[in-house]
Amino acid sequence: MRETRRVARVLGACAAALTTPGAAQAASGVLFIDRAAIHDPSGCYPLGDFAPSEVGNFTDETAALWSGPFCGGRVTGLVVPGRVVRPAPGVSLYIQ
């Protein structure tokens, strides 16, 4: 019983932190997908339909490449800040 209350308290604190205004922020910097610049990106982006994409990550966050559309499936690679990956092994990309 005591453990259940403690878990509930921790989960409540986590939920409050996630819903606090300003808790979710876009990455700072520029993300390039096939040389198209996206300033302060946040969320899921599609990659090239027919040819492998080139991704340049010049933000302060790591981008995850996904095997499926809409950032579904599994992570197929990461693009750390300051790196360019070509060809990018994925169908979509997620960045915080």
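Let's start with one cysteine. C71 comes out at 16% relative accessibility, so C71 counts as buried. Keep in mind that this is a predicted model.

What does C71 form with C44? A disulfide, with the sulfur atoms 2.1 Å apart. The structure holds 1 disulfide. The link is right-handed, with 105° about the S-S bond. Where do the two ends sit? C44 is in strand 3, and C71 is in the loop between strand 5 and strand 6, so the bond ties together parts 27 residues apart in sequence. C44 is at 35% relative accessibility, so C44 counts as partly exposed.

Now the sheet. There are 4 strands in an open sheet, order 3-8-5-6, and the pairing is antiparallel. Strand 3, residues 43–46, and strand 6, residues 75–79, are at the edges. Each has a single partner strand, so one side of each has no neighbour in the sheet. On average, neighbouring strands are turned by 25° against each other, direction ignored.

Look at strands 5 and 6. Strand 5 covers residues 63–66, and 4 bridges join it to strand 6. One pair to find on screen: L65 has G77 in strand 6 as its bridge partner.

L65 also belongs to the largest nonpolar core. That core has 12 residues, including L31, Y45, V79 and I95. Which strands each supply at least two of them? Strand 1, strand 5 and strand 8. In general, nonpolar side chains tend to be buried together in soluble globular proteins.

Last, I95. Leaving aside neighbours within four places in sequence, I95 is in contact with A27, L31, Y45 and A63, among others. Those four are core members too. I95 also contacts residues such as N57, T59 and E61.

Conventions: Residues numbered from 1 in each chain as written. Predicted model: local features only at pLDDT ≥ 70, side-chain atom pairs only at ≥ 80, totals over all residues. Heavy atoms only, no water. Pairing = 2+ DSSP bridges. Helix = DSSP H or I, 4+ residues; strand = E, 2+ residues; numbered from the N terminus. Axes fitted to C-alpha atoms, helices over the stretch in contact; angles between N-to-C directions. Core = buried A, V, L, I, M, F, W, Y, C linked by side-chain atoms within 4.5 Å. Buried < 20%, exposed > 50% of the residue type's maximum accessible area, 1.4 Å probe, protein only. Contact = heavy atoms within 4.5 Å. Disulfide = S-S within 2.5 Å.
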